[in-house]
Amino acid sequence: MVSVNKIKENIYQIKVIDREVRNFHGCVYPVLHGSTYNSYLVLDEQVTLIDMIDDIYFDEIYPEIIKLLNGRDVDNIIINHVEPDHSGSYELIINKFKNAKTYTSKAGEKAMQAHFFKAYHYHTVGLNDSIKTGKYTFSFMETPLVHWPDNMWTYLHEEQILFSNDAFGQLLVDDVVYDSDVSLFKFVDFMKEYYANIVYPCNVNVERALNALSKSKWSLKLIAPSHGLVLKDYIKESFSLYHDMIGNKTIDKAIVVYESMWGNTKAMALVIANELKAKGYEVKIYQLSRCHISEVMKELCDAKLLAIGSGNYNNCVLPPVAAFLERLHSTKYLNRQALVFGSYGWIKAPLQKLVERLNDANFNVISDPMYIQYVPNDDEKSDLQQAVNLTVKKISDL
Ligand code: FEO
């Protein structure tokens, strides 16, 4: 479904709302409610299209573009990001508007050629470059690796709008247009989920981009991302979230994740979670095979402690735990503590492997692995509680 929203006189958001899609960016980001993709059309003496959408939606968006154009052509196409959810329709669009000039970053030109195998005539732009389209002036800022090397931001001076592409995006699937059309809590929660799953590994580059933005002195009335709602009233809070993420800010929060074959590692997870809660931690507990990984990643991004447990599967950790460890490894967490636990049968659970993988992923495993053979009895549960208490003390002494 496509909705067209006027965000300013002559400036339109063309938004695909896909409530059916369940995987965003391949399988790494499962989405419960679907996803959205935004393109923007700016009508001036020249018409400018900012970002496109995956070609699977072309047949839906093209008639809407034609309606807005009312007989005019697109004169300029700005590609802020080459990833197919924002440039997939490019060839279909440029073949409809053959005289349009295409603007992208230097890395964008390279990536476009690698995607479309054709040397369309790209105009490469970067910081200090501007184009005039009549009364409007667009400037550019390269933001490499937020989220791919080709990313850039486009700024419309006269209306003080930043077209930020992936940055400040959220997969908030709603028919409303602006951030304040939903509660601040809901908006920030979705932005946090998106940050945790897409942007977090780019933290260093986000910091660089925000510093460049601050030096640019571009005032921001609106931020128009290519996923989700337009930022108008929650800009300050969104920057605050981004700064917390860049700073790896954590709170007294623990995420307990586990996989369990016969419920014994689960029983350990529950004892650990309850004890952490009793010590004042905010605690979230997840069985990895039964949850959306995107939810765990969102909750983990401000948690001080990760407790992770696995039963023994032929001397290996259970497959959902192995997959989760790989995911942790792909995210650049800093200053995080971890605790490992697991129940085993006749050979001790392979928790040492778990420790090694956590260390590889920048986690500091703060206490010895906690093993229990078969079913945890009352004494063993009490030992677990004591181990948790010691861990909490060690963390507070850091
Ligand atoms: Fe929404 Fe990096 O693409």
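How many helices and strands does the secondary structure of the protein chain comprise? In this predicted model, the chain forms 12 helices and 22 strands. Its C-alpha trace extends over about 80 × 40 × 35 Å along the principal axes. Of the 398 residues in the protein chain, 57% are buried. Contacts between residues at least 6 apart in sequence can be divided by their separation along the chain: 72% of them join residues at least 24 apart.

The interior may be considered next. The largest nonpolar core contains 97 residues, and those with the most contacts inside it are Tyr90, Leu306, Ile308, Phe324, Leu328 and Leu358. Helix α5, which covers residues 184–199, supplies the largest share of this core, namely eight residues. Leucine 328 offers a view of the surroundings of one core residue. When its neighbours within four places in sequence are set aside, leucine 328 is in contact with Leu300, Leu306, Tyr333, Leu358, Ala361 and Phe363. Two of these partners, Leu306 and Leu358, are also listed among the core residues with the most contacts.

A pair of helices illustrates packing between elements. Helix α8 (residues 264–278) and helix α12 (residues 378–397) pack with their axes 9 Å apart, at an angle of about 45°. Because of this angle, α8 is oblique to α12. The crossing of the two helices is right-handed. On the side of α8, the contact is made by Met268, Val271, Ile272, Glu275 and Leu276. Helix α12 contributes Lys381, Leu384, Gln385, Val388, Asn389 and Val392. By character, the residues of this contact of α8 with α12 comprise seven nonpolar, two polar and two charged.

The final stop is a single residue in a loop. Cysteine 291 is located between β16 (282–287) and α9 (293–300). Is cysteine 291 buried or partly exposed? Its relative accessible area is 22%, and therefore cysteine 291 counts as partly exposed, since buried residues have under 20%. Apart from neighbours within four places in sequence, the residues in contact with cysteine 291 are Tyr286 and Val296. Cysteine 291 can also be located relative to proline 30: the two residues are separated by 261 residues in sequence, while their C-alpha atoms are 9.8 Å apart in space.

Methods: Residues numbered from 1 in each chain as written. Predicted model: local features only at pLDDT ≥ 70, side-chain atom pairs only at ≥ 80, totals over all residues. Heavy atoms only, no water. Core = buried A, V, L, I, M, F, W, Y, C linked by side-chain atoms within 4.5 Å. Buried < 20%, exposed > 50% of the residue type's maximum accessible area, 1.4 Å probe, protein only. Helix = DSSP H or I, 4+ residues; strand = E, 2+ residues; numbered from the N terminus. Contact = heavy atoms within 4.5 Å. Axes fitted to C-alpha atoms, helices over the stretch in contact; angles between N-to-C directions. Parallel < 35°, antiparallel > 145°, perpendicular 65-115°, else oblique. Left-handed = near helix turned anticlockwise from the far one by under 90°. Nonpolar A, V, L, I, M, F, W, Y, C, P; charged D, E, K, R; others polar.
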